[in-house]
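Colleague: Could you walk me through this one before I go back to the bench? I'd like to start with the charged side chains and then move on.

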Amino acid sequence: NPADDSRTSALWSVSKQLLQAERLLKFHILLLENIQNDFGGLLQEESLPADWLRPNLDEFKRLSSEVEETLKKPTAHMVDLVSTRTPLVSGVSKD
């Protein structure tokens, strides 16, 4: 119920935690990409494939996309509902 203020602080807390999770996932993706690029050539000499971190990168990218689609977007929509709602008082006109 958008008119219920009792959950507003919890909603903001969840939103903040999701943003932190998203940032952490993106940091890990960049870290794995850099490791892959910097050490890939060295590890080819050790008979490892050049894209040895590809499965991990793909999993982190999938998780990042899932956080965005299934958690962050719906939470952002709820935040919008709470922050832009107008007080509703049934039967009372402001005119």
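## Charges, helices and surface

Colleague: How many salt bridges does the structure hold?

Modeller: The structure holds 8 salt bridges, where a salt bridge means a side-chain nitrogen of Lys or Arg within 4 Å of a carboxyl oxygen of Asp or Glu. Please keep in mind that this is a predicted model, in which local features need pLDDT of at least 70 and side-chain atom pairs count only at pLDDT 80 or more, while totals for chains, interfaces and linings use all residues. Residues are numbered from 1 along each chain as its sequence is written, and side-chain values use heavy atoms, with hydrogens and water left out.

Colleague: Why would such side chains pair at all?

Modeller: Side chains of opposite charge can pair when their charged atoms come close.

Colleague: OK, take D58. Which residue does it form a salt bridge with?

Modeller: D58 pairs with R54, and the closest N and O atoms are 3.8 Å apart. Both residues belong to helix α2, where 4 residues, about one turn of the helix, separate them; helices here are DSSP runs of H or I with at least four residues, strands are runs of E with at least two, and both are numbered from the N terminus.

Colleague: Is D58 buried or exposed?

Modeller: Neither, strictly: D58 counts as partly exposed because its relative accessibility is 39%, given that buried means under 20% relative accessible area, exposed over 50%, and partly exposed in between (1.4 Å probe, protein chains only). Its partner R54, at 32%, is likewise partly exposed.

Colleague: And E59, what does that one pair with?

Modeller: E59 forms a salt bridge with R62, with 2.6 Å between the closest N and O atoms. The two are 3 residues apart in helix α2, so about one helical turn separates them. E59 has a relative accessible area of 36% and is therefore partly exposed, and R62 is partly exposed as well, at 38%.

Colleague: What about K72, which side chain does it meet?

Modeller: The side chain of K72 meets that of E68 in a salt bridge, at 3.8 Å from N to O. Because K72 and E68 are 4 residues apart in helix α2, they too are separated by about one helical turn. Salt bridges with shared partners join these two with E22 and K26 into one network.

Colleague: Staying with α2, where does the helix bend?

Modeller: The bend is at K72 and comes to about 35°, with a proline, P74, following within four residues; the bend at a residue is the angle between axes fitted to the seven residues ending there and the seven starting there. Over its 31 residues, α2 reaches 42 Å from its first C-alpha to its last, which is close to the 45 Å expected at 1.5 Å a residue, the expected span being 1.5 Å times one less than the number of residues.

Colleague: Which residues in α2 are buried?

Modeller: L57, S64, V67, T75, V79 and V82 are buried in α2. V79 is 8.2 Å from T8, C-alpha to C-alpha, although the two are 71 residues apart in sequence. T8 lies in helix α1, and at 19% relative accessibility it counts as buried.

Colleague: Switching to Q36: what is it in contact with?

Modeller: Leaving aside neighbours within four places in sequence, Q36 is in contact (heavy atoms within 4.5 Å) with A50, D51, W52, L53 and R54. Q36 lies in helix α1 and counts as buried, because its relative accessibility is 8%.

Colleague: Last topic, the surface. Which residues make the nonpolar patch?

Modeller: F39, L42, L48 and W52 make a nonpolar surface patch of about 370 Å². Patches are made of residues with over 30% relative accessible area and no salt bridge, with like charges joined within 9 Å and nonpolar side chains (Val, Leu, Ile, Met, Phe, Trp, Tyr) within 5 Å; the areas come from the Shrake-Rupley method with a 1.4 Å probe, and for residues only the protein chains shown count as cover. L48 sits in the loop between α1 (8-44) and α2 (54-84).

Colleague: And how many helices and strands has the chain?

Modeller: The protein chain has 2 helices and 0 strands. Of its 95 residues, 17% are buried, and the chain exposes about 7400 Å², with carbon and sulfur atoms supplying 58% of that area.
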